[in-house]
Amino acid sequence: MNRKKALLGIGALVCAAAVLLAVYLAFRPQAQQGEKTITVEVIVGDETTATHTIVTEEEYLRGALDQENMVSGEEGPYGLFLTMVDGVTADDTKQEWWCVTKGGAQVDTAVDATPIADGDRYELTLKTGW
């Protein structure tokens, strides 16, 4: 009897995981194909140090940034963790890190998984403090 309950519980968990995966795949942000122009501002402290207009056929932000040789970082389980943007390196000993925003709102995905569309505007801001 306990074995049957355990199997039913495992089956229910597998079904729930499948449903959640299907919902994610159906509603995740979609990348736009073809040529697009995006703007990327690099902000250090309280001032914009550079504004880049990027024309690209890449579908994700990382591809566009790599195309311009603007960033480097460490590969992690969620994608690229930015450590350097536009020649400015975040100093881990000072708790510095790069924050990615789109139109002022923080992006919830790594640059690898952030789809881009024509006319998008991104900000890469050097922040201090965890």
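**A small sheet, question by question**

Tutor: Let's start with a hairpin: S4 and S5 form one with two residues between them, and Asp86 in that turn has a positive phi of about 55 degrees. By the way, this is a predicted model, where local features need pLDDT of at least 70, side-chain atom pairs count only at pLDDT 80 or more, and totals for chains, interfaces and linings use all residues. Residues are numbered from 1 along each chain as its sequence is written, and side-chain values use heavy atoms, with hydrogens and water left out.

Student: What makes S4 a strand?

Tutor: Strands are DSSP runs of E with at least two residues, helices are runs of H or I with at least four, and both are numbered from the N terminus. S4 has seven residues, so it passes the strand cut-off of at least two.

Student: How do you know that S4 and S5 pair?

Tutor: Two strands pair if DSSP finds at least two bridges between them. S4 (residues 79-85) and S5 have two bridges, in the antiparallel sense, so they meet the cut-off. Met84 stands opposite Thr89 in S5.

Student: And what makes S3 and S4 a pair?

Tutor: The rule is at least two bridges, and S3 and S4 have six, again antiparallel, so they count as paired. Val71 stands opposite Val85 in S4, and a hairpin joins S3 to S4 through two residues.

Student: Which order do the strands take in the sheet?

Tutor: It's an open sheet with the order S3-S4-S5 and antiparallel pairing. S3 (71-76) and S5 (88-89) each have a single partner strand, so they're the edges, with one side left without a neighbour in the sheet.

Student: Why is S4 called largely enclosed?

Tutor: Buried means under 20% relative accessible area, exposed means over 50%, and partly exposed is in between (1.4 Å probe, protein chains only). Six of the seven residues of S4 are buried, so the rest of the structure largely encloses this strand.

Student: Is Asn69 buried or exposed?

Tutor: Asn69 has 67% relative accessibility, which is over 50%, so it's exposed. Asn69 sits in the loop between helix H2 (61-67) and S3, and its phi is near 55 degrees, positive although it isn't glycine.

Student: Why is Gln95 called partly exposed?

Tutor: Its relative accessible area is 34%, in between 20% and 50%, so that's the right label. Gln95 lies in the loop between S5 and strand S6 (96-102), with a positive phi near 60 degrees.
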